[in-house]
Amino acid sequence: MKTMIYGGKIITMANPLYADSLIIENGVISVVGREKELIEKYKPDKKINLRGAAAVPGFIDSHSHFTQTAYALLQADLSGAANEKEISAAISNFIKENNIKKGEWIIARGYDNNLLAEKKNLSLERLDFIAPENPLVIQHKSGHMGLFNSLALKELGVDGNTVSPKGGKIEVINGLPTGYMEENAFFEYLKKTPRPPEKEIKKALAGAQKKYASYGITTVQDGMAVPEMLPIYKSLIDDNSLFVDLVVYCDSAAFEYVKKEMPDTVMKYKNRFKTGGIKIFLDGSPQGKTAWMKTPYNGTNNYYGTQTMSDDDILFAMKTAAENNTQIIAHCNGDAACGQFLDCLEKARQDYPAIKDLRPVIIHAQFITEAQVRRAAKLGAVLSFFAAHVYHWGDVHIENFGFERASALSPAVWAEKYGVPFTMHQDSPVIEPDMTETLWCAANRQTKSGRDLGAEQKISVFSALKAVTVNAAYQYFEENSKGSIEPGKAADITVLSGDPLNTAPENLRSIKVLKTIKNGAVIYENKDEA
């Protein structure tokens, strides 16, 4: 079957940059050219009329957490809650709407203490008041910390004598836990909370795919798989229920399981599922004050954030990746964490020279320095920036680090200067997987309060669009099959209400996703804008 797309602007991200029509056969772009010529030569069976809209290569998510985005659909949403009253109301409504019984666990997400008047976490007493009959976990919006009420702590066996795991913190005051945990401690105890029923999980996984597709995304990442998540992946493969491509990165334990039980997914797709490699965490979150910095946070007594891994652990992960000819990606927000990763990468290359060809990725690289970007270029690393941080937490970063340091957040201009391939992401469910917002953030660098932050790091809209298409395909070793609209590549196409390259940068957020096409099939259509 031959499908023709025509009637608007087709931005190929190749040469030539614009076309007016294309033909799709068997899910692959067969030819790009002029409408009249293609109709006469190929006689298409089906036509998709853009009606003046713009088509770009399908957006590629270079870092997020697919499974967590799915689970978020089953959790109480505290996004935007600015005080205890609003938090309590959201949780009360969740209990009523979902008929939560006494003793059942409640998981909430999207909490951000930076929105509260005193910017302090809720006390254990207040957490118990909000949910007196249910174990309650409130996840910080960053995903790196959270709060547990007394019933949750009791169910999990946490008391004043519980030892914090390495690279994590269980806060204890006067011999009693406060309910606050961060980094590896939070991850460990969150994993111990009960899983939703299988039926609900499958429904949520489908919902998460629809969410990504609604933002024009055709390839999605799950950026930290632990062994507990592997049955979910097996069900996705066995049920053939993925309609977007999913690339998963595992911790070391999960990767060993995948090698043994799912070897046909390592660095190759099976029913749209691929194991991309290994993921490691080197620090935490800058807005949560756990990113590991070289200089202290403002207003602190020499507090530098949290280092979560030793050099030996990082080198072991790099060795595993090199020996298995697979990729390693590393969460590094602070400049100290970025420096540690680059130091280890340079050392690993001495024993495993092939690692330079495996495109190691520094995820976030929020406060990477110019000198470190230059090192990344020499070491063959890819940088994946969370550019939307400028808008969502730019004002918080100014407070935590000062205007000058905050201005160098997500330094894409330095990456361009030194020839480092860079991508951009939204780290969902931290924020919505909104690619057009990310384009706006990268081109405008404006905070929520309207301040310009790091104007010298603004990039062109073309560079931003390249980051979420061409460069993102390169990050996944898929540059020969995705990222641009060219013959022989997958027919992954996002239809937008306007041409981003001919839209004033300040108006980019007004562009809507009208349609998302995956391998020639429409997987999302915006009925409201049709």
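Here are some worked exercises on a predicted model.

**Exercise 1: the open sheet**

Work out which strands sit at the edges of the eight-stranded open sheet, and how strand 6 is held to its neighbour.

*Solution.*
Step 1. Start with the strand order, which reads 6-13-14-15-16-17-18-19, with parallel pairing.
Step 2. Go to the two ends of that order: strand 6 (59-60) and strand 19 (422-424) each pair on one side only, and that makes them the edge strands.
Step 3. Now zoom in on strand 6, which is joined to strand 13 (residues 217-225) by two bridges, the two strands running parallel.
Step 4. For a landmark in the structure, find Ile60, which stands opposite Thr219 in strand 13.

**Exercise 2: classifying two aromatic pairs**

Take the ring pairs Phe66 with Tyr212 and Phe148 with Phe186, and decide what kind of geometry each has.

*Solution.*
Step 1. Get the two numbers you need: a pair of aromatic rings is described by the distance of the centres and the angle of the planes.
Step 2. The model has 11 aromatic pairs by the rule used here. In one of them, Phe66 and Tyr212 sit 6.2 Å centre to centre with 35 degrees between the planes, and the pair is tilted.
Step 3. Place these rings in the fold. Phe66 belongs to helix 2 (residues 66-72) and Tyr212 to helix 7 (residues 198-214), so the contact ties together parts that are 146 residues apart in sequence.
Step 4. Check burial: Phe66 counts as buried at 0% relative accessibility, and Tyr212 is buried with a relative accessible area of 0%.
Step 5. Turn to Phe148 and Phe186. Their ring centres are 5.9 Å apart and their planes stand at 65 degrees; the cut-off for edge-to-face is over 60, so this pair is edge-to-face.
Step 6. Phe148 lies in strand 10 (residues 145-148) and Phe186 in helix 6 (residues 184-191), so parts 38 residues apart in sequence are tied together.
Step 7. Phe148 and Phe186 are both buried.

**Exercise 3: from a cluster to a charge**

Which residues make up the aromatic cluster that includes Phe148, and where does Lys279 lie?

*Solution.*
Step 1. The cluster consists of Phe148, Phe186, Phe187 and Phe281.
Step 2. Follow Phe281: Lys279 lies over the face of this ring, at 4.3 Å from the ring centre.
Step 3. For another case, look at Tyr6, where the charged end of Lys47 sits over the ring, 5.9 Å from its centre.

**Exercise 4: backbone oddities in loops**

Locate the cis peptide bonds before Pro16 and Pro429, then look at phi of Ala365 and Phe477.

*Solution.*
Step 1. Asn15 and Pro16 are joined by a cis peptide bond, with omega about 0 degrees. Pro16 lies in the loop between strand 1 (2-11) and strand 2 (18-25).
Step 2. From Ser428 to Pro429 the peptide bond is cis too, with omega near 15 degrees. You'll find Pro429 in the loop between strand 19 and helix 16 (435-444).
Step 3. Ala365 isn't a glycine, yet its phi is positive, near 45 degrees. This residue is in the loop between strand 17 (361-364) and helix 12 (370-379), and is buried at 0% relative accessible area.
Step 4. Phe477 also has a positive phi, about 60 degrees, without being a glycine. Its loop runs between helix 18 (470-475) and strand 20 (493-496).
Step 5. Buried or exposed, or in between? At 29% relative accessibility, Phe477 counts as partly exposed.

**Exercise 5: reading two linings**

Describe the linings of the largest cavity and the second largest pocket.

*Solution.*
Step 1. The structure holds three cavities of 30 Å³ or more, and the largest cavity encloses about 70 Å³.
Step 2. Its lining has 14 residues, with Ser142, Gln287, Asn333, His389 and Asp427 nearest the centre.
Step 3. By class, the cavity lining splits into three nonpolar, 10 polar and one charged.
Step 4. Now the second largest pocket, with a volume of about 560 Å³. It is lined by 25 residues, and Asn113, Asn121, Tyr180, Gly288 and Lys289 are the closest to its centre.
Step 5. Two or more lining residues come from each of strand 10, strand 11 (168-173), strand 12 (176-183) and helix 13 (389-401). Strand 12 gives the largest share, four residues.
Step 6. The pocket lining counts seven nonpolar, 11 polar and seven charged residues.

How values were computed. Residues are numbered from 1 along each chain as its sequence is written. This is a predicted model: local features need pLDDT of at least 70, side-chain atom pairs count only at pLDDT 80 or more; totals for chains, interfaces and linings use all residues. Side-chain values use heavy atoms; hydrogens and water are left out. On a 1 Å grid over the protein atoms alone, a cavity is a set of points where a 1.4 Å probe fits but cannot get out, and a pocket is an open set with protein on both sides within 12 Å along at least five of seven lines; lining residues have an atom within 4 Å of a point. Grid points are joined across faces, edges and corners, and a volume is the space filled by probe spheres set on the points. Ala, Val, Leu, Ile, Met, Phe, Trp, Tyr, Cys and Pro count as nonpolar, Asp, Glu, Lys and Arg as charged, and the others, Gly among them, as polar. Two strands pair if DSSP finds at least two bridges between them. Rings of Phe, Tyr and Trp (its six-membered ring) pair if their centres lie within 6.5 Å; planes under 30 degrees apart count as stacked, over 60 as edge-to-face and the rest as tilted. Buried means under 20% relative accessible area, exposed over 50%, partly exposed in between (1.4 Å probe, protein chains only). A charge sits over a ring if NZ of Lys or CZ of Arg is within 6 Å of the ring centre and within 35 degrees of the ring normal.
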